[in-house]
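Colleague: I'm new to this one, so could you walk me through it and tell me what backs up each label you use?

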Amino acid sequence: MHEVDITQPDLFDVAIVGGGVIGCALARRFTLDGATVVLLEKAPDILDGASKGNSGILHTGFDAPPGSLEAACIAEGYREYLEIRERLNLPVIRCGALVIAWTDEETAALPGLVDQAIRNGVADVEPLTAAETRRLEPGLGAGLRASFRVPREYLIDPWAAPHAYLLQAIVNGAWLRRGCEVTGGDFDGTAWRLATTLGSIRARVVVNAAGLYGDILDERLIGRRDFTIRPRKGQFVVYDKPAASLASHILLPVPGKTTKGIVVCRTAYGNLLVGPTAEDQEDRREAALEPETLRALSRRGEEILPALAGHDVTAIYAGLRPATEFKDYQIRLHADRNYVTVGGIRSTGLSSALGTARHVHGLCAAFGFSATPLAEPAWPMVGMMCETEQRDWQRPGNGGIVCHCERVTRREVEEAITGPLAAGSLAGVKRRTRVTMGRCQGFYCTADLAAMTRDRLVVPMAGGGHGA
Amino acid sequence: MAPSIPRSCDVAVIGAGPAGLAAAAELKARGVASVIVLDREAGPGGIPRHCDHYPFGLREFRRLLKGPAYAARLVGRAEAAGVDIRAGVTVTALRPGPVLEVSTADGLVEIAARAVLLATGVRETSRAARLIGGTKPGGVMPTGALQGLVHLDAIKPFDKPVVLGTELVSFSALLTCRHAGIRPVAMIEPGPRATARWPASLLPRLMGIPLLTGTEVAAIEGDGWVEAVTIREPGGTTRRIPTDGVVVTGRFVPEASLLRTSHLELDAGTGGPSIDQFGRCSDPAYFAAGNLLRPVETAGWSWNEGRLVGRAMADALAGRLPSSGGGVRVVVAGKPLKYVLPQRIVANGAPGSHACFQLRVSEAAAGRLALRLDGAELWGRRLSSLPERRITVPLDVLGAWSTGLAEFVVGKRSA
Ligand SMILES: Cc1cc2nc3c(=O)[nH]c(=O)nc-3n(C[C@H](O)[C@H](O)[C@H](O)COP(=O)(O)OP(=O)(O)OC[C@H]3O[C@@H](n4cnc5c(N)ncnc54)[C@H](O)[C@@H]3O)c2cc1C
Ligand SMILES: Cc1cc2nc3c(=O)[nH]c(=O)nc-3n(C[C@H](O)[C@H](O)[C@H](O)COP(=O)(O)OP(=O)(O)OC[C@H]3O[C@@H](n4cnc5c(N)ncnc54)[C@H](O)[C@@H]3O)c2cc1C
């Protein structure tokens, strides 16, 4: 693991601050293009911010503001994901989406949305009558008016993707420092000296990918704020796997002014999800779950898919979007200081990450550094957690199942806590394997897992310092 | 290394808990040649394997045993009878045939059987399924996880947790805490009184733990690890209790996820398979016994059910069971009744594995329990019951009827 100090370069080409999906994609892009990269993440493991909880949809960008930077990054990110995913062992569920109108007002809005999709280059949308919609999704509730189908909206694994991007960066030479918060820094005209909780780190270029803390990091490093993060919370209710057969498409509402609205869709892990809400809050850290809201989500889910009633809820979670006072992404180049801010990647970062990374890499040409792209980069494969693909429990030599609900094998847990991107905490093991995330929430596997991970996690699972 | 799993057998039992092991031993005793028990855990024994406390074994062994010793005896008895027990293998699909899809350390295999017994037990309702608000820190766990950490791994996950629930299992959690030197700071129950009967309900007082009834957990607080819970007390006031753990106990539901994705019929009331008085499912090659049938009974009860259903399975293999078609469908009218089983009575009069209907209420109920067949009352008696208390009614009350819809209702006392 590249987390020990011994041979760390004295000067990196690029320091990326933030191990969210955007930071991971940036680390990959710069590494593949020949730069020496370090990624600095303040949490004990990556994906601790906005990228911790999202809907897992690979958006086409059909509903993005036409001509926006966001639309361009999504289109490019979408394309590259499909291009590289097999080589990194990343899944895709080609389910398509239906944008459904339930009221007169929503029905009236459909043609405009279709037109917008076409302007965004998503020309294969198909308007459908209520009857046609119902033929595709017989489980839909009463009151359905009309819809249009977006055939290339897909589902992906929201955790495997960033892990794969960063892992590819690391096996091709990038450095990862976790538990490393950037607290300040100076640019001396040619290079940065970043002050971090793990000491100082020098790099020619600094990229701010601090997500929910993007404005704070700008303040710390360049002494100004060009935007203000306004965290927007999204709560979800997740149903157990048997519910996944109730819908084949991603069921989208007609979007409101500020959000995409309540979605019902499967997940890569074979569950069915209802959410997210869109609630503005001050707190950048805590995404509190509220029972009333969760109940309302369940009710909405049951209106959309009546057969959902009676299915078991297996998980509840909430994520925070790094929204700002602006609608578009806040990507700003400070050419005089070898500094780029990649901020306000609000609600489409999973889809756009690879495209956003390419865009930012392109901007950095302005700094005049020329690196030679790696001729034959290594392509590591990440674990496959997607239910529509072959899983480890179906293969020989898996060591047996540890987590019965999510069918996570001993070999998968073992892989999650070893290697260059080993999990540092139980949360990290969960994000890599989904262990304990199922219907029993660890009734059976907690003890096994504690035994397997004993003395092998930076943040111990239980009983190590938490008892006080 | 154990020889590889046979790909065919007379009976495959899923679940090596009290019900599955009792059935398997009974099948062997009745001359069934090959009986194999499959369990996904590292060792056989079911839930009792984790319960390092009394009382187990009174019905089965006429001795008061702790869970692990009890589990070991059940396993010993089944092995002595010639049952082939395989742990560490997970059944992943049920198919007509019957054929089971099984995940082993060596990959997926299929096992064909002449008959299958489902004995997969129950699980506790999680924090997520209860929609408890707040953050998602570490230190929130079901009883099973607590007991696994304490008994199997000698880990003490926290010092002063709160315990949610007052079912028998909640008191089992208290005993585990006492064993590990953990001092719960409160036991929290949304209902008006403790669910479990005396004397278990005396335990908190003996241990000096406040029992807060009529109280809900509004939110869990903490970033990496639990720091406090906010409770809503009977008057609606909220209060913060600092704590370093939350044990989310009870509200069992059958471990029926295999069923939900299979061709077998599920009963909405119990959450388990719909069965007849022989324990047969909607596909008569599949049988079920133990807590999978309903939440939740003692080990002794589940064991006895396993034994009797094992007997019926031996009869079925010998062609001695009445056909499974037709019969009387048995349902509950709704609140306060939660469920009834068996849900079908076929060829009425033949002695079955279940001599009684088992019912439960979902809320405290007092009145008259009656059985109506196609609307006409067949039988009735007084009822006074609380949630999670066993109610039994002899199957005989159905008389000689062999078709129709039988419905249990609770009416006014004088009706
Ligand atoms: C409810 C919800 C649903 C969504 N659904 C989708 C979807 O379906 N499809 C889709 O494409 N997108 C979706 N998104 C959007 C997507 O999740 C975000 O756009 C993306 O996660 C943003 O990633 P990021 O890397 O910019 O930020 P983050 O994930 O917040 O990463 C920033 C990282 O920087 C670290 N950090 C901060 N400050 C410092 C510092 N000073 N030093 C070191 N490290 C620091 C943080 O700990 C964090 O790990 C959704 C978002 C939410 C909240
Ligand atoms: C914490 C706790 C304390 C208790 N204390 C007592 C007590 O003191 N006295 C008492 O009498 N009763 C007690 N009980 C109740 C008792 O444990 C149960 O009644 C009894 O275990 C039920 O037996 P069973 O065979 O139906 O199921 P279980 O014992 O639950 O066994 C089911 C088995 O099926 C296996 N299984 C499930 N799915 C699969 C699959 N897909 N593939 C393979 N295997 C599978 C499981 O691993 C498990 O081993 C307690 C229960 C709990 C939870």
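Modeller: Happy to. This is a predicted model. Let's begin with ligand 2: α1 (18-29), β2 (35-39), β4 (90-95), α4 (143-152), α5 (168-180) and α8 (299-317) of chain B each give at least two residues to its shell.

Colleague: What makes a residue count as part of the shell around ligand 2?

Modeller: A heavy atom of the residue has to lie within 4 Å of the ligand. For ligand 2, 35 residues surround it, and the closest are Ala19(B), Asp39(B), Pro55(B), Asn291(B) and Glu297(B). By class they split into 17 nonpolar, 14 polar and 4 charged residues.

Colleague: Why do you say that ligand 2 lies between domain 1 and domain 2 of chain B?

Modeller: Because domain 1 (8-123 + 253-321) and domain 2 (128-248) of chain B both contribute residues to the shell, ligand 2 lies between them.

Colleague: What makes the pair between Pro55(B) and ligand 2 a polar contact?

Modeller: The cut-off is 3.5 Å between N or O atoms. A backbone N or O atom of Pro55(B) is 2.8 Å from a nitrogen atom of ligand 2, so the pair qualifies. Arg40(B) has a polar backbone atom 3.1 Å from a nitrogen atom of the ligand, and for Ala299(B) the distance to an oxygen atom of ligand 2 is 3.0 Å. The protein buries 94% of the 1000 Å² that ligand 2 exposes when taken alone.

Colleague: Back to Pro55(B): which peptide bond there is cis?

Modeller: The one joining Tyr54(B) and Pro55(B), with omega at about -5°. Pro55(B) sits in the loop between β2 and α2 (58-61) of chain B. Another cis peptide bond joins Pro295(B) and Val296(B), where omega is about -15°. Val296(B) belongs to the loop between β18 (286-288) and α8 of chain B.

Colleague: And ligand 1, what surrounds it?

Modeller: 42 residues do, the closest being Glu41(A), Ala50(A), Ser51(A), Ile345(A) and Ser351(A). They divide into 18 nonpolar, 17 polar and 7 charged. Domain 1 (1-92 + 155-228 + 325-384) and domain 2 (93-154 + 230-323) of chain A each provide at least three residues of that shell.

Colleague: How do you know that Arg346(A) makes a polar contact with ligand 1?

Modeller: Its polar backbone atom is 3.4 Å from an oxygen atom of ligand 1, and the limit is 3.5 Å, so it counts. Backbone atoms of Ala50(A), at 2.8 Å, and Thr348(A), at 3.2 Å, also pair with oxygen atoms of the ligand. Of the 1000 Å² of accessible area that ligand 1 has on its own, the protein covers 98%.

Colleague: Why are β20 and β25 of chain B called edge strands?

Modeller: The open sheet has 3 strands in the order β20-β22-β25 (chain B), with antiparallel pairing. β20 (337-341) and β25 (391-394) each have a single partner strand, so one side of each is left without a neighbour in the sheet. On average, neighbouring strands here are turned by 25° against each other, direction ignored.

Colleague: What makes β22 and β25 of chain B a pair?

Modeller: Pairing takes at least two bridges. Strand β22 (residues 356-361) has 4 bridges to β25(B), so they pair, running antiparallel. Gln358(B) stands opposite Thr392(B) in β25(B).

Key: Residues are numbered from 1 along each chain as its sequence is written. Chains are lettered from A and ligands numbered from 1 in the order in which they are written. This is a predicted model: local features need pLDDT of at least 70, side-chain atom pairs count only at pLDDT 80 or more; totals for chains, interfaces and linings use all residues. Side-chain values use heavy atoms; hydrogens and water are left out. A polar contact is a pair of N or O atoms within 3.5 Å; within protein, one must be able to donate a hydrogen and the other to accept it, and residues adjacent in sequence count only if both atoms are side-chain atoms. Accessible areas come from the Shrake-Rupley method with a 1.4 Å probe; for residues, only the protein chains shown count as cover. Ala, Val, Leu, Ile, Met, Phe, Trp, Tyr, Cys and Pro count as nonpolar, Asp, Glu, Lys and Arg as charged, and the others, Gly among them, as polar. Domain bounds come from an automatic or database domain assignment. Axes are lines fitted to C-alpha atoms, for helices over the stretch in contact, and angles run from 0 to 180 degrees between N-to-C directions.
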